[in-house]
2 protein chains.
Amino acid sequence: MAQKIIPNIVIGRLPVYLRTLQYMLEEGRQVTSSQELGERLGFSAAQIRKDLSQFGEFGKQGTGYNIQYLADQLQGILKVNRDWDVVVVGAGDLGSALARYQGFANRGFHVKMIFDSDSQKIGTEIGKFIILDSADMITSIQAAGIRIAMIAVPASDAQEAANQLVKAGVKAILNYAPVNLSVPHGVRVQYIDPVIHMQHMTYYN
Amino acid sequence: MAQKIIPNIVIGRLPVYLRTLQYMLEEGRQVTSSQELGERLGFSAAQIRKDLSQFGEFGKQGTGYNIQYLADQLQGILKVNRDWDVVVVGAGDLGSALARYQGFANRGFHVKMIFDSDSQKIGTEIGKFIILDSADMITSIQAAGIRIAMIAVPASDAQEAANQLVKAGVKAILNYAPVNLSVPHGVRVQYIDPVIHMQHMTYYN
DNA sequence: TAGATTGTTAATCGATTAACAATC
DNA sequence: TAGATTGTTAATCGATTAACAATC
């Protein structure tokens, strides 16, 4: 049976919809519309309806969308109606900040380990974590069955870190190092390089 | 005279091209081709040629692109052939990591000030910075003529921070708080929310 | 009922790719 | 010269928007 492939660009918007719905819930709201969501996010109402319609019918004509219900559905679609364990590679300023970041746990992502290769750092504490030796990374991650990693090592070490993560069975990498990674098919990478974003904006200045 | 508007999506790729060219220079390379760049980045060669052709002719048939020359051109286009001063709002873990991040200076972005509203933090040091009082933010930024800011405050404070930055004359905001900001026309915002990226990847798991 | 809003279709718009003449 | 690679055009592909019947 022909499985419909949903455009990646649509998938990328769903977490943004979800985040906004969750804020609406916090505001005590119960119902919203494609129009309201669109205004809040700067998307067209038509686009939001189209995106959602890829996955089913979640609204009611004349009324709009029940926020709690739609949020639950989106969580299911994105597979974030469960918790995910995460590792951090690199215990510098950024890696440490990631390990301590409060914004992960309440959205279902739990940092479980943080690694570094610097013997000065290994064994020391960051918040509730003890920095582990990168040399043990593959076995530790495999043993824990962790599928998601964040790379926060220098650019020169990032590809090697990625290689090891892949060997350890990681399927999703959030890469903070300013380099493109090459990974096998089936492993996903997302990039966060603040300089890229800033250079995008300076163009318009 | 009809000024050609370059698609935003093209502008967004230029910094990635530039970054790769700069690595090639570090590797001692002199010349590259759209094909090689494409393979390295996972884009098609045609797309790279098309993107670049929006801005002029930078290559030579049969030979390819002189890396130094193309990098210089891209820097000019992106207006990063000069230095930019930046402020950080929020001196928590993330703001502190941003203030200390080494990856900015060597790409032309210089953090000049970091602000917080917590009286416990104001006046204390982060690296070479003394944390300034958010209450003085507008005047300090105006006086320094700074146009770029990074927001690293809790979600609940981000819109207010953005409002003040806009008042201070900031034109580009890199927002690490997990909320959509509403800003006047002429001010650009880029968003970095790691959870959004991770939720994008969990879909495929 | 009248008003609002969905889900969906068709039309439009925009971005990517294929192909190739030009030329180094 | 032969081979390589650009810049550009036209074709294709994909994404967004407009419009509206259905219906709450």
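**Stop 1: DNA strand D**

Select DNA strand D in this predicted model. It has 25 residues around it. Now pick out the closest ones: Ser34(B), Arg49(B), Phe58(B), Gly59(B) and Tyr65(B). Look next at the DNA atoms within 4 Å of the protein. Sugar and phosphate make up 64% of those atoms of DNA strand D.

Zoom in on single contacts. Start with Tyr65(B). One of its polar side-chain atoms sits 2.7 Å from a phosphate oxygen of DNA strand D. Then go over to chain A and select Ser44(A). An N or O atom in the side chain of Ser44(A) is 2.8 Å from a phosphate oxygen of DNA strand D. Add Gln47(A). Here an N or O side-chain atom lies 3.1 Å from a sugar or linking oxygen of DNA strand D.

Switch to a cartoon view. Which elements each supply at least two residues of the surface near DNA strand D? From chain A, they are helix 1 and helix 3. From chain B, they are helix 3, strand 2 (59-60) and strand 3 (64-66). The largest share comes from helix 3 of chain A, with four residues.

Colour this surface by residue class. You will find five nonpolar, 12 polar and eight charged residues near DNA strand D.

**Stop 2: DNA strand C**

Select DNA strand C. There are 25 residues around it. Ser34(A), Arg49(A), Phe58(A), Gly59(A) and Tyr65(A) come nearest. Of the atoms of DNA strand C within 4 Å of the protein, 62% are sugar or phosphate, and the rest belong to bases.

Three side chains deserve a click:

- Ser34(A): a polar side-chain atom is 2.6 Å from a phosphate oxygen of DNA strand C.
- Arg49(A): an N or O atom in the side chain is 2.8 Å from a base nitrogen of DNA strand C.
- Glu57(A): a polar side-chain atom is 3.2 Å from a sugar or linking oxygen of DNA strand C.

Go back to the cartoon. The elements of chain A that give two or more residues to the surface near DNA strand C are helix 3 (45-53), strand 2 (59-60) and strand 3 (64-66). In chain B, they are helix 1 (8-26) and helix 3 (45-53). Helix 3 of chain B gives the largest share, four residues. By class, this surface holds five nonpolar, 12 polar and eight charged residues.

**Stop 3: the two protein chains**

Hide the DNA. Superpose chain B on chain A. A turn of 180° and a shift of 0.0 Å along the axis lay chain B on chain A with an RMSD of 0.0 Å. The two copies are therefore related as by a two-fold rotation axis.

Now show the interface. Of the interface residues of chain B, 98% are also interface residues in chain A, so the copies meet through the same surface.

**Stop 4: the largest pocket**

Select Gln190(A), Tyr191(A), His197(A), Gln190(B) and His197(B). They lie nearest the centre of the largest pocket, which 50 residues line. Its volume is about 2,300 Å³.

Which elements give two or more residues to this lining? In chain A, select helix 1 (8-26), strand 11 (188-191) and helix 8 (194-202). In chain B, select helix 1, helix 2 (34-41), strand 11 (188-191) and helix 8 (194-202). The lining of the largest pocket divides into 26 nonpolar, 15 polar and nine charged residues.

**Stop 5: the second largest pocket**

The second largest pocket holds about 1,100 Å³ of space. To find its centre, select Val153(B), Pro154(B), Ala155(B), Ala177(B) and Pro178(B), the closest of its 46 lining residues. Then highlight helix 7 of chain B. That helix gives the most to the lining, with seven residues. By class, the lining of the second largest pocket has 22 nonpolar, 15 polar and nine charged residues.

**Stop 6: the cavity**

How many cavities of 30 Å³ or more does a search of the whole structure find? It finds one. About 80 Å³ of space lies inside.

Select its lining. From chain A, take Leu94(A), Tyr176(A), Ile192(A) and Pro194(A). From chain B, take Leu94(B), Ala97(B), Leu98(B), Tyr101(B) and Tyr176(B). Helix 5 of chain B gives the largest share, three residues. Colour by class one last time. The cavity lining has nine nonpolar, no polar and no charged residues.

Note on methods:
Residues numbered from 1 in each chain as written. Chains lettered and ligands numbered in written order. Predicted model: local features only at pLDDT ≥ 70, side-chain atom pairs only at ≥ 80, totals over all residues. Heavy atoms only, no water. Near = heavy atom within 4 Å. Polar contact = N/O pair within 3.5 Å; in protein donor to acceptor, adjacent residues only side chain to side chain. Nonpolar A, V, L, I, M, F, W, Y, C, P; charged D, E, K, R; others polar. 1 Å grid on protein atoms, 1.4 Å probe; cavity = no way out; pocket = protein on both sides within 12 Å on 5 of 7 lines; lining within 4 Å. Points joined across faces, edges and corners; volume = space filled by probe spheres on them. Least-squares fit on C-alpha atoms with pLDDT ≥ 70 in both. Contact = heavy atoms within 4.5 Å.
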